[in-house]
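Biologist: I have a structure here and some questions about its inside. Can we go through them together?

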Amino acid sequence: MNTAKPTPAGSGEGGIRLLVADDEHLIRGALVALLQLEPDIEVVATADNGVRAVEEARRHRPDVCLLDLEMPEADGLEAAGRILASVPSRVIIVTRHARPGVLRRALAARVSGFVPKSTPAEHLADVIRTVAAGRRYIDPEIAAVALTAERSPLTDRELDVLRHSRSTLSVQQIAAQLHLAPGTVRNYLSSAMIKLDAPSRREAADRAWEQGWI
């Protein structure tokens, strides 16, 4: 895991082509405005949800995709997985809640960068350059927390369904988003509730969230 200070790196002629996805209009607009001031970074597309981010990435094929973790339709990790499976791009996840379990899932999904939303724009620009040059950057504080956090007893799929259970989605809607059968989702929820000794799926999701697993 590379947590060294990012170093500027060129991305070849034309600079770094960047996609920015965040469902908060003001944050997205501010990021675009600030990053466009960098002479070697060009924002070629924006998106306000995960599904749109995937569509725009496939259309514009940016060098780097900067994705908010918590977006509607598909979150940053779901969008990252779809993008990396179909586009020769690199992904940086930006999050307000730096949960260690999410970092582990991001690394497993081949995400190249993981930073908090509090990252100053000039530092974020250097992270983008580092990732565009083929290196990985993980915020040092997030990495330190992840290394000392308790390991989750849940499987990746159990974590997926619990993460979706923090919303008001029904089992059928969760199943549709995860491309699973409703019965399979119920089985994962039941298994997670037993492992966490939780009386409801919502309480199981809350306990997993408190532990930093989702």
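Modeller: What follows is a short round of questions on the cores, the cavity and the pockets of this predicted model.

Biologist: Which helix gives the most to the largest nonpolar core?

Modeller: That core holds 28 residues, and L19, L67, I83, V91, I93 and F114 touch the most other members. Several elements each supply at least two residues, among them strand 1 (16-21), strand 2 (41-47), helix 2 (50-60) and helix 3 (76-86). The top contribution is five residues, and it comes from helix 3.

Biologist: Which residues does L19 touch, leaving out those up to four places away in sequence?

Modeller: L19 is one of the core members that touch the most others. Contact here means heavy atoms within 4.5 Å. By that rule, the partners of L19 are A45, A53, E56, A57, P62, V64, C65, L66 and L67.

Biologist: How many residues are in the second core?

Modeller: The second core is separate from the largest one. L169, I174, L196 and A208 are included in it. Its residue count is 20.

Biologist: Which strand provides the largest share of the lining of the largest cavity?

Modeller: The count is one cavity of 30 Å³ or more. The largest cavity has a volume of about 40 Å³, and its lining is V20, A21, D22, L31, L66, L67, D68, V94 and K117. Two elements give two or more residues to this lining: strand 1 and strand 3. The largest share is three residues, from strand 3.

Biologist: How many charged residues are in that cavity lining?

Modeller: Asp and Lys count as charged, so D22, D68 and K117 belong to that class. The lining also has six nonpolar residues and no polar ones. The charged count is three.

Biologist: What is the volume of the largest pocket?

Modeller: The largest pocket is lined by 20 residues, with E70, M71, D75, R163 and H164 nearest its centre. Helix 3, helix 4 and helix 7 (156-165) each supply at least two of the lining residues. By class, the lining has nine nonpolar, three polar and eight charged residues. The volume of the largest pocket is about 430 Å³.

Biologist: Which residues lie nearest the centre of the second largest pocket?

Modeller: The second largest pocket has a volume of about 330 Å³. Helix 3, helix 4, helix 7 and helix 8 (171-178) give two or more residues each to its lining. That lining has four nonpolar, three polar and seven charged residues. Nearest the centre are E78, R105, R157, D160 and R163.

Note on methods. Residues numbered from 1 in each chain as written. Predicted model: local features only at pLDDT ≥ 70, side-chain atom pairs only at ≥ 80, totals over all residues. Heavy atoms only, no water. Core = buried A, V, L, I, M, F, W, Y, C linked by side-chain atoms within 4.5 Å. Buried < 20%, exposed > 50% of the residue type's maximum accessible area, 1.4 Å probe, protein only. Helix = DSSP H or I, 4+ residues; strand = E, 2+ residues; numbered from the N terminus. 1 Å grid on protein atoms, 1.4 Å probe; cavity = no way out; pocket = protein on both sides within 12 Å on 5 of 7 lines; lining within 4 Å. Points joined across faces, edges and corners; volume = space filled by probe spheres on them.
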